[in-house]
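Me: I should like a close look at a single part of this model. Please give one connected account, with the geometry of the contacts and the exposure of the residues concerned.

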Amino acid sequence: MSVKSSKEMRKVNISSSLESEDISLETTVPTDDISSSEEREGTVKITKQLIERKELLHNLQLLKIELSQKNLMIDNLKVEYLTKIEELEEKLNDAVHQKQLLSLRLDSQLALQQEDARKHQALMKQEMETILLRQKQLEETNHQLRERAGGIRRSLRDLELTDDCYKQLKLLPEDQLSIPEYVSIRFYEVVHSLREELSGLQMKKESLIEELSGYKSQLKCLTESYEDERRTRSELEVRCQRLTLELADTKQMIQQGDYRQENYDKVKCERDTFEHELSELRRKYEILEVSHKAQAKERNDLSKELATIQQSLNLLQKDKDYLNRQNMELSVRCAHEEDRLERLQSQLEDAKKAREEMYEKYVASRDHYKTEYEKRLHEELEQIRLKTNQEIEQLRSASKEMYERENRNLREARDNAVAEKERAVVAEKDALRKYDQLLEQ
């Protein structure tokens, strides 16, 4: 009876100590029917079990504290990564705003250049009017030459030359050439160069359009992969939250339940599996974060290249329009020249006797005016091209500096993030090492 009563009292003391988590080393055992030796043995057994249980509870509390610290570290890392992502998005918005400002500035400069070109055209029209007035004066003086220009007028109607004819006529000296041959040679040189430039610009435009479509497809693929990775990342975060909730539930069960010493191994195995899953989730999260950064960088590079290609394509389109306008103006001038030649031919029909003298004067005056006009036109075109090239170079240098500055900032941010990640890994390793030491103790 005394042994049974002592066992019952031991059970009551152990259960009360587990419920209150305030374990005392004193025991209240009835001493009516037991000897002093049995009392000493019972107290020794109870104290050993209580000490072991107290050590286990202390280890569990330490593990809880370490898990709470690790959760806080994970939350801090998440907050830091979110702030970094927001800063990068703000930088991207600033770059887009600067791009819009540069495009507006380019449009204003192009409008100013168009106004200058219109003014130049007005001046050229005035000069053409003065030339026409001089031409009228020459027509009045050369009224007797109208009857002698019938043959020349008929010969100047077809000015188109083939490549073989042009090469044959080009080998002859200018003194041996007739007026139709000389005019057809000059007309072939001007039109052939313009046609070559036009074909080259069309080929360049087609290649740029193909490159633009390729870049668009690449950008679309990258955005799709980015969306997939973001979805997987959200799923992993949900899984991590679910595991943390399960861990909290198990902690609560450990606090409320009355696990015995044989269930300690099971709890430890479950905890190890949870920690292993947590480390795997962290590793996957880090891999996804690195891939996300790389894809964001690639997307920014592709958007920059797309913007530069779009600007070059717009410039080429404007150059093409400008060359088309020049071609139309030259065709109109050619038509005016043909009309003038017809009038001169009608004038030359009336003056066959003074043909050579007036012909020399006419050719000299025409060459003089034509060379002056071509010289002025060439100078103006060179000035416009130089201005546009300088402005384009300035814009390219400014955009290049801006992109380099952003790349430096992004590299610094990446280095800081890698350093913080390494510090976190070192801290985690130290915590695991301390945890292993505590487990061994």
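How many aromatic pairs does the count come to? Please begin there, and continue to the charged residues around the helices concerned.

Reply: The model is predicted, and the values below are computed from it. The count comes to one aromatic pair. That pair is formed by Tyr81 and Tyr285, with ring centres 6.2 Å apart and an angle of 50 degrees between the planes. The arrangement is classed as tilted because the angle lies neither under 30 degrees, as stacking would require, nor over 60, as an edge-to-face pair would require. The contact links distant parts of the chain: Tyr81 belongs to helix 2 (residues 36-141) and Tyr285 to helix 6, with the two positions 204 residues apart in the numbering. Tyr81 has a relative accessible area of 12% and is therefore buried. Tyr285, at 18%, also counts as buried, because the limit for that class is under 20%.

The setting of this pair is a helical protein. The structure has seven helices and zero strands, so that the order of elements from the N terminus reads α-α-α-α-α-α-α. Of the 441 residues in the protein, 22% are buried.

Helix 6 also takes part in a charged contact. Glu289, in helix 6, is joined to Arg233, in helix 5, by a salt bridge. The closest N and O atoms of Arg233 and Glu289 are 3.5 Å apart, and the two residues are separated by 56 residues along the chain, so this pair, too, is described as linking distant parts of it. Both Arg233 and Glu289 are buried. For Arg233 the relative accessibility is 16%, which means that the residue falls in the buried class.

Arg233 has a further partner, Glu237, with an N to O distance of 3.5 Å in that salt bridge. Arg233 and Glu237 are both in helix 5; because they are four residues apart, about one helical turn separates them. Glu237 has a relative accessible area of 29% and is partly exposed, whereas Arg233 is buried. Through shared partners, the salt bridges join Arg233, Glu237 and Glu289 into one network.

Helix 5, which covers residues 179-256, holds another salt bridge, that of Arg230 with Glu227. Here the closest N and O atoms lie 2.4 Å apart. Arg230 and Glu227 are three residues apart, about one turn of the helix. Both ends of this bridge are partly exposed, Arg230 at 43% and Glu227 at 30% relative accessibility. A search of the whole structure finds 14 salt bridges, among them the three described here.

Helix 6 contributes to a surface feature as well. A patch of positive charge gathers Lys293, Lys297, Arg405, Arg408, Arg411 and Arg414 on the surface. Helix 6 (264-347) and helix 7 (355-440) each supply at least two of its residues, and helix 7 provides the largest share, four residues. Arg414 is one of the patch residues and is placed in helix 7. With a relative accessible area of 41%, Arg414 is partly exposed; it can therefore join the patch, for which an accessible area of over 30% and the absence of a salt bridge are required.

In summary, helix 6 holds Tyr285 of the tilted aromatic pair, Glu289 of the salt-bridge network and at least two residues of the positive patch.

How values were computed
Residues are numbered from 1 along each chain as its sequence is written. This is a predicted model: local features need pLDDT of at least 70, side-chain atom pairs count only at pLDDT 80 or more; totals for chains, interfaces and linings use all residues. Side-chain values use heavy atoms; hydrogens and water are left out. Patches are made of residues with over 30% relative accessible area and no salt bridge: like charges are joined within 9 Å, nonpolar side chains (Val, Leu, Ile, Met, Phe, Trp, Tyr) within 5 Å. Accessible areas come from the Shrake-Rupley method with a 1.4 Å probe; for residues, only the protein chains shown count as cover. A salt bridge is a side-chain nitrogen of Lys or Arg within 4 Å of a carboxyl oxygen of Asp or Glu. Lys and Arg count as positive and Asp and Glu as negative; His and the chain ends are not counted. The place of a charge is taken as NZ of Lys, CZ of Arg, CG of Asp or CD of Glu. Buried means under 20% relative accessible area, exposed over 50%, partly exposed in between (1.4 Å probe, protein chains only). Rings of Phe, Tyr and Trp (its six-membered ring) pair if their centres lie within 6.5 Å; planes under 30 degrees apart count as stacked, over 60 as edge-to-face and the rest as tilted.
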